[in-house]
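The following exercises concern a structure with more than one chain. Each task is followed by a solution that proceeds step by step.

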2 protein chains.
Amino acid sequence: MKNYNGIIDRYFEHLPIKDRANIITLKEGNTPLIRAHNIERQLGITLEIYLKYEGMNPTGSFKDRGMTVAVSAARENGSSAVICASTGNTSAAAAAYAARAGMRCVVLIPNNAVATGKLAQAVAYGARVIAVEGNFDAALKIVRELSKRHPITLVNSINPNRIEGQKTAAFEICDELLEAPDYLAIPVGNAGNISAYWKGFKEYHSNKIISGLPRMLGFQAAGAAPIVEGRIIENPQTIATAIRIGNPASWHTAVAAVSESGGVIHKVTDEEILEAYSLLSKKEGIFAEPASAASLAGVLKLWRQGYFKHGGRVVCVLTGHGLKDPDTAIKSGSPPAVIPAEVGALEREIYG
Amino acid sequence: MKNYNGIIDRYFEHLPIKDRANIITLKEGNTPLIRAHNIERQLGITLEIYLKYEGMNPTGSFKDRGMTVAVSAARENGSSAVICASTGNTSAAAAAYAARAGMRCVVLIPNNAVATGKLAQAVAYGARVIAVEGNFDAALKIVRELSKRHPITLVNSINPNRIEGQKTAAFEICDELLEAPDYLAIPVGNAGNISAYWKGFKEYHSNKIISGLPRMLGFQAAGAAPIVEGRIIENPQTIATAIRIGNPASWHTAVAAVSESGGVIHKVTDEEILEAYSLLSKKEGIFAEPASAASLAGVLKLWRQGYFKHGGRVVCVLTGHGLKDPDTAIKSGSPPAVIPAEVGALEREIYG
């Protein structure tokens, strides 16, 4: 088995880095594609459901794919500092890759709206963390302006290198299935990732590595569904903090991905997201963050509506690890029983 | 690239599972080995330091290696329930693999002594979590007794299948380096993992896959160092909760690994652990839980004492992901500055 050295090394000819010496990697990518046999069986679903578990990237989310390319490109271009606005996952990835590259990193987060694990990461990786009195969209606006005025590389997904890196997840799915899936289901927040997957599938298709293309199924949270509703949402609300975005940067490319592929974009409620979140961990042993579960929630919703008439293979992208947001998991369960340290007490607790 | 299907599939002939149909996997293992160039450079160290980042297992720790084997074996033997005592990482792994296998899982944790992320995981994966008024050692004692009286499989590391699975990390290191490293540095808590690595190296050596063996360097936290001090510690104390164990189950095999290999077992203080923890994330972009950093802390301490006279390659095992314990990261940094959503305010904050 050849040693694995990250997505730029693996997909070098498809990516915009010129010199391998500039690669900054934490060996991101190569994430597992796991068949959801238990969920299929329990719900009587005659689709093949696969889970692309992007939580198994080094910082715990798919953002590492884009960030290895964005930070490597920043280094190739002689930059020594990066900046981004983030609901959490982007900041963790930016901070980690900047640390590895020896660059400064500044991250802007919406005040009081970032999950515990993610804030911990940006702090741990040594980024300068600044909380903005406003939402993600407000934070993104000011980092865009700042990066025009100062020599600091913007690494939000409007940086095209991010999308380039993220498309490699589509490559991996095709390499593993030896074909494109029939459907690709994905949570939609800032809408960069759905655009990236579609770009990846199209590139593999035009290179004749795959013969067909998937239908792209995008899912927004009901309280943060600007694309579905066709309007900017001023105060997006959802438990799925990673997709709590009211004015997506990649709105138009996301719409194009859905319409070119003959797919759909729908919204799922927080209750539907939490149902899927619970199924993933309790039935498949896969702990994903709430936003990730939007992809499975959407597939279950479409299944119940009779959308998948001809069966087929659907890949649900699980964008981040459940450890990113431990509070949601703890709140969704009951607190542990407390017993004295005696086997009799344990026996009574378990066997009644 | 052949699809990767977890450690039992990869190392089948070295492991005690008879039928591949019984494999319960989340595609654990195959974790990155990352050179710590930045730390070497910053500290002027002339060793080659590699980090085996076990936090990139599905539940975020090395425990997944042992648990895939223990739960697959439980299934092969017709068991329908598993139980363990845990400081957190074992419970997360047991709960995840039991969920995947459709088995019941009971986990006992010491009351008020388990990191946030880990408790969240056991709850999320649907395990029955019971807190014991006592420490890890007390919890382990009563699950041992219970499993003798009832048909429930004990999956602590005294279950030999756990050690079998964990030894595969040694195989991976040798497969990647094409030889054993000169030194293997590892945190020591319940002492199963150091025993497992040593078993793995010895098996590869007797199979002539490697020609030499590493010296095993084990590190306990100063407040929880029973092996180093040669006595049971009644109330172990350390920030590194994953190795806060006063009476290790694998005490004797750990001592044997160190002495047979010509290695050492030492203790490191919480301050030394936190220094290494911070270097890992801020210099290498690798966020590990505090206990993990004991391996690097120990290597830095031995380096300063002149232990590594002849240089060489040392692999530091990083046992778990930093997201397991977000509170320690947040406490170790300063809280974010809060600014209004205006580019001028951001400019003043960054550029003064």
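**Exercise 1.** Determine how strand E3 of chain B is joined to E6(B), and place both strands in their sheet.

*Solution.* Step 1. In this predicted model, strand E3 (residues 81-85) of chain B and E6(B) run parallel and are joined by two bridges. Pairing requires at least two bridges, so the two strands count as paired.

Step 2. One position of the pairing can be named: B:Ile83 has B:Leu154 in E6(B) as its bridge partner.

Step 3. The packing helix is H6 (residues 136-149) of chain B, which touches E11 of chain A as well as E3, strand E4 (104-110), strand E5 (128-133) and E6 of chain B. The direction of helix H6 makes about 150° with that of E3(B).

Step 4. The open sheet has five strands in the order E11(A)-E5(B)-E4(B)-E3(B)-E6(B), with parallel pairing. Strand E11 (337-340) of chain A and strand E6 (153-154) of chain B are the edges; each has a single partner strand, so one side of each has no neighbour in the sheet.

**Exercise 2.** Which residues does B:Thr153 touch, leaving aside those up to four places away in sequence?

*Solution.* Step 1. B:Thr153 belongs to strand E6 of chain B.

Step 2. With residues up to four places away in sequence not counted, B:Thr153 touches B:Ala74, B:Ser79, B:Ala81, B:Val82, B:Ile83 and B:Asn159.

Step 3. As for B:Glu28, 125 residues apart from B:Thr153 along the chain, the C-alpha atoms of the two are separated by 21 Å.

**Exercise 3.** Describe the open sheet of six strands in chain B and the helix that lies across part of it.

*Solution.* Step 1. The strand order is E1-E2-E10-E7-E8-E9 (chain B), and the pairing is mixed. The edges are strand E1 (33-35) and strand E9 (264-268) of chain B, each of which pairs on one side only. On average, and with direction ignored, neighbouring strands of this sheet are turned by 25° against each other.

Step 2. Within this sheet, strand E2 (residues 48-53) and strand E10 (residues 313-318) of chain B run parallel, joined by six bridges. B:Lys52 finds its bridge partner in B:Val317 of E10(B).

Step 3. Helix H8 (residues 168-177) of chain B lies across E1, E2, strand E7 (183-187) and E10 of chain B, at about 135° to E2(B).

**Exercise 4.** Characterise the interface of chain A and chain B by area, composition and specific pairs.

*Solution.* Step 1. The two chains bury about 6900 Å² between them, with 63% of it on carbon and sulfur atoms. A:Arg100, A:Leu323 and A:Val343 supply 9% of the area that chain A buries against chain B, more than any other three residues. The contact involves 77 residues from chain A and 77 residues from chain B.

Step 2. Eight salt bridges are counted between the chains. In one of them, A:Arg128 meets B:Glu349, with the closest N and O atoms 3.4 Å apart; the cut-off is 4 Å.

Step 3. The interface also has 30 residue pairs in polar contact, both residues at pLDDT 80 or more. Helix H5 (residues 116-124) of chain A gives seven residues, the largest share of the side of chain A that touches chain B. By class, that side has 44 nonpolar, 15 polar and 18 charged residues.

Step 4. Strand pairing also crosses between the chains: strand E5 (residues 128-133) of chain A and strand E11 (residues 337-340) of chain B pair in the parallel sense over four bridges. There, A:Ala131 stands opposite B:Val338 in E11(B).

**Exercise 5.** Why does the salt bridge of A:Glu172 and A:Arg65 tie together parts that are apart in sequence?

*Solution.* Step 1. Over all chains, the search finds 42 salt bridges. In one of them, the side chains of A:Glu172 and A:Arg65 meet at 2.9 Å, N to O.

Step 2. A:Glu172 lies in helix H8 (residues 168-177) and A:Arg65 in helix H3 (residues 63-76), both of chain A, so the pair links parts that are 107 residues apart in sequence.

Note on methods. Residues are numbered from 1 along each chain as its sequence is written. Chains are lettered from A and ligands numbered from 1 in the order in which they are written. This is a predicted model: local features need pLDDT of at least 70, side-chain atom pairs count only at pLDDT 80 or more; totals for chains, interfaces and linings use all residues. Side-chain values use heavy atoms; hydrogens and water are left out. Contact means heavy atoms within 4.5 Å. Buried area is the accessible area (1.4 Å probe) that two parts lose on being put together, summed over both. A polar contact is a pair of N or O atoms within 3.5 Å; within protein, one must be able to donate a hydrogen and the other to accept it, and residues adjacent in sequence count only if both atoms are side-chain atoms. Ala, Val, Leu, Ile, Met, Phe, Trp, Tyr, Cys and Pro count as nonpolar, Asp, Glu, Lys and Arg as charged, and the others, Gly among them, as polar. Axes are lines fitted to C-alpha atoms, for helices over the stretch in contact, and angles run from 0 to 180 degrees between N-to-C directions.
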